[in-house]
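Let's work through a few exercises together. Have a look at the chain and its ligand before you start.

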Amino acid sequence: MMRIRVATLFPEMCETVLSESIIGRARKKGIIDISCVQIRDYTEDKHRRVDDIPYGGGMGMVMQAEPIYNCYKSVCEQLNCKPHTIYMTPKGIPLTQSKAVELSRKKDIFIICGHYEGVDQRVINKIVDEEISIGDYVLTGGELPALVLIDSVARMCDGVLSSPECFEDESHFNGLLEYPQYTRPEIWENEAVPSVLLSGHHKNIADWRHQKSLEITKERRPDLYEKYTKKLLTDKK
Ligand code: ADE
């Protein structure tokens, strides 16, 4: 079973999100083992401080190395191994579907959520395997990014979704955006469901969906569309 540990100053915030919906259900069923660890429990400071002013001056505070390192060592002991360690930061490599697939195959993951102006570089050098960003914008902390990462990874672990087809068809899995979906009723506010979807003709439906995927990707994400068509060409060669 995959084990994920999240080091954070806001474990309740993470716990709330991770207890709901599909991830919450998978945890209750014992399919994935996720827990949040309070970094503040690992400081030796009598005021429970975990940050200090930056050497060299400048704005804000920097998270100290020692509490994060102590927290990491405690998690290593508890897991009885050295987990794959990720630091959430806007400086990291961008999270993509293929990165999520890669991480879903790991056995144990430790995620560090930063706050303030960052984390002392020395603890990053010592324990972090990779730094990941969820996009080119800056958030107040690493908690939301860690939750995004966990959601994208955990849903691909065996048994979390009802079947792998649940994600093999969706946006980004094959490099294209997903086709539009419809459900009952057949006519809503004067708009009918595309008739091919009612035809029961599986090949025509698959062709129509693929065509729609191509159209929407070309329109919204020319970058992905170009990648997809280039890959088709090289695959044919
Ligand atoms: N921490 C703050 N902003 C972030 C981002 N965009 N991605 C990952 N971690 C972050």
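Three short exercises follow, each with a worked solution. This is a predicted model, in which local features need pLDDT of at least 70, side-chain atom pairs count only at pLDDT 80 or more, and totals for chains, interfaces and linings use all residues. Residues are numbered from 1 along each chain as its sequence is written, and side-chain values use heavy atoms, leaving out hydrogens and water.

**Exercise 1.** Find out which residues have a polar backbone atom by a nitrogen atom of the ligand.

*Solution.* Start with threonine 89: a polar backbone atom there is 3.1 Å from a ligand nitrogen. Next, glycine 135 has one at 3.2 Å from a nitrogen of the ligand. Then add leucine 139, with a backbone N or O atom 3.1 Å from a ligand nitrogen. As for cover, the ligand taken alone exposes 260 Å², and the protein buries 96% of that (areas by the Shrake-Rupley method with a 1.4 Å probe; for residues, only the protein chains shown count as cover).

**Exercise 2.** Work out where leucine 139 sits.

*Solution.* Look between strand S7 (130-133) and helix H6 (143-154): leucine 139 is in that loop (helices, H or I, have at least four residues and strands, E, at least two, as DSSP runs numbered from the N terminus).

**Exercise 3.** Place lysine 230 in the chain.

*Solution.* First, find helix H9 (residues 222-236), which holds lysine 230. Now go to arginine 155, 75 residues away along the chain: the two C-alpha atoms are separated by 29 Å.

Technical notes: Polar contact = N/O pair within 3.5 Å; in protein donor to acceptor, adjacent residues only side chain to side chain.
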